[in-house]
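Let's take a friendly walk through this model, one site at a time. Keep the structure open as you read.

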Amino acid sequence: MQVEHDSPVRTLFFDRALLPGGWAKDVRLSIRSGTFSSIDADCTPRPGEERQSCALPGMPNLHSHAFQRAMAGMAEHRGPAGNSFWTWREIMYRFLDRMNPDDVRAVAALAYMEMLEGGFTRVGEFHYLHHDQDGQRYAAIAEMSGAIIAAAADSGIGMTLLPVLYSHSGFGAQPPIQGQRRFLNDMDQFARLLNEARRIAEALPDAIVGVAPHSLRAVSAEQLASLGDMQPHGPIHIHIAEQMKEVDDCLAWSGKRPVEWLLSHADVDEHWCLVHATHLTAKETLSLAQSGAVAGLCPITEANLGDGLFPALDYVAAGGRYGIGSDSNVLIDATEELRLLEYGQRLTLRGRNIMAEGAGQSTGASLYQHALSGGSAALGVKAGIAPGAAADLVSLDMEHPSLLGKADAMLDAFIFASGRTAIDCVWRRGERVVTGGRHVKREAILRAYSVTLQKLIA
Ligand code: ZN
């Protein structure tokens with residue numbers, strides 16, 4: 001029988017690497033079966049050992065709707081009246097009406113390739129497009145989940161699949177509308193879909209399957225309780241308090257605000273990720289921070305959709321955890337998510353270095369370490385360059401003009417000055433999937449995407 005420690009050990013050597021305790025020099029990373037087996041600093045490179053300059057742990061992307069990548073840029077024309085999240089959603093519903101499983105696979109593979117090129121090494125796919133164009137389930141009930149898993153395999157990205165339960169169109173179990181027919185399941189059908197998705201995901205070496213009640217609009221209180229029972233220890237994600245209309249509707253329905261209602265009706269703990277949680281009172285901010293849940297912040301999408309601004313300073317001061325997500329995938333770039341998170345706070349609070357941990361601390365390092373830790377927890381994996389964690393790495397081009405001479409301010413220069421243009425290589429489970437800033441399968445993935453997009457927009 002093949003035992004784990006018989007598998008070969010590979011090594012990578014870096015001049016500098018960001019470890020959980022901070023920067024280390026002359027670091028040898030030993031990798032076995034896709035995970036770090038040992039990490040040694042202050043080493044001397046062995047003869048012939050390939051030497052790289054600077055390694056960061058890959059960033060988790062805790063919230064994505066991959067198919068929306070194909071409509072990026074198509075909802076930026078001013079309509080006759082009321083341009084809001086809700087008018088954007090109408091365009092999105094019309095777009096996804098046309099997609100079949102092969103289309104979803106091609107678009108998702110492109111989005112995942114861009115995530116890897118943009119510094120993300122694992123994605124939480126909040127997956128709600130389950131059924132065919134008529135709203136009928138496919139012969140294989142989790143066929144669309146299979147398309148997402150296949151796209152993860154095509155690109156090499158780590159996958160935390162979050163099959164979404166969606167049953168209603170509004171608070172108080174209102175009946176769904178026509179544009180939602182491809183999302184809908186009752187509890188029995190969802191349980192079958194979830195089991196099948198778990199079976200399909202076994203084909204990927206480190207895939208994780210969680211669950212996602214879409215929002216308090218889309219599931220009933222009873223369904224929410226049942227879902228918690230179905231996934232007691234795994235990731236459970238929910239959209240919440242993204243829009244003021246949602247807050248007002250929740251108040252009209254229950255007398256409570258969405259986060260207030262959730263925290264008092266569900267056992268929200270460190271297994272939960274509350275995506276957006278934009279509109280919070282001071283009391284909700286404190287309660288959410290104390291729950292141990294992760295706030296899933298998606299600054300680019302939240303800005304694009306005009307959602308509002310998360311009270312990040314108060315939340316972090318109360319010990320709150322957060323990660324970042326690319327959500328609508330209108331633009332995919334880990335550094336820009338972090339930069340915009342900080343800049344949103346600077347613009348409203350009229351100050352600088354808001355998200356730095358304290359006096360003398362680097363804002364970039366604080367942002368990166370918080371989002372790494374919170375994002376990993378939300379996706380159900382161990383964080384960072386540490387024994388037992390997946391060997392997911394991003395290396396930077398230290399000759400990039402924005403990074404030259406910035407060794408002591410590396411993460412600040414990366415996040416605020418170079419952005420993703422300084423990314424050189426990316427490894428997933430110890431295999432190089434991006435080199436010189438380009439995915440190794442870029443041409444093939446782009447070709448398949450191009451064929452699909454021409455069909456979708458014809
Ligand atoms: Zn979302």
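In which kind of crossing, left-handed or right-handed, does helix 11 pass helix 12? The crossing is right-handed. Bear in mind that you are looking at a predicted model. Helix 11 covers residues 334-349 and helix 12 covers residues 363-379; their axes come within 10 Å and cross at roughly 120°. An angle over 145 degrees would count as roughly antiparallel and one of 65 to 115 as roughly perpendicular, so helix 11 and helix 12 are oblique to each other. To see the contact itself, display Leu338, Leu341, Glu342 and Arg346 on helix 11, together with Thr363, Leu367, Tyr368 and Ala371 on helix 12. By class, this contact has five nonpolar residues, one polar and two charged.

A second helix pair makes a good companion. Helix 7 (residues 258-265) packs against helix 8 (residues 282-291) at about 40°, with the axes 10 Å apart. That angle makes helix 7 oblique to helix 8, and the crossing is left-handed. Here Pro258, Val259, Glu260 and Leu263 of helix 7 meet Glu284, Ser287, Leu288 and Ser291 of helix 8. Four of the contact residues are nonpolar, two are polar and two are charged.

Now turn to the metal. The zinc ion has His63, His65 and His239 as donors through NE2, and Asp327 through OD, at 2.1 to 2.6 Å. Along the sequence, their spacing reads H-x1-H-x173-H-x87-D. His65, in the loop between strand 5 and helix 1, and His239, in strand 10, are 174 residues apart, so this pair links distant parts of the chain. Why is the arrangement irregular? Because the four donor atoms subtend angles of 85 to 172° around the zinc ion.

Key. Residues are numbered from 1 along each chain as its sequence is written. This is a predicted model: local features need pLDDT of at least 70, side-chain atom pairs count only at pLDDT 80 or more; totals for chains, interfaces and linings use all residues. Side-chain values use heavy atoms; hydrogens and water are left out. Axes are lines fitted to C-alpha atoms, for helices over the stretch in contact, and angles run from 0 to 180 degrees between N-to-C directions. Helices (H or I, at least four residues) and strands (E, at least two) are DSSP runs, numbered from the N terminus. Angles under 35 degrees count as roughly parallel, over 145 as roughly antiparallel, 65 to 115 as roughly perpendicular and the rest as oblique. A crossing is left-handed if the near helix is turned anticlockwise from the far one by less than a right angle, and right-handed if clockwise. Contact means heavy atoms within 4.5 Å. Ala, Val, Leu, Ile, Met, Phe, Trp, Tyr, Cys and Pro count as nonpolar, Asp, Glu, Lys and Arg as charged, and the others, Gly among them, as polar. Donors are N, O and S atoms within 2.8 Å of the metal (3.2 Å for Na, K and Ca); water is not among the atoms, so sites may look incomplete. Four donors count as tetrahedral if all angles lie between 85 and 135 degrees; four count as square planar and six as octahedral if opposite donors are over 155 degrees apart and all others between 65 and 115; anything else is irregular.
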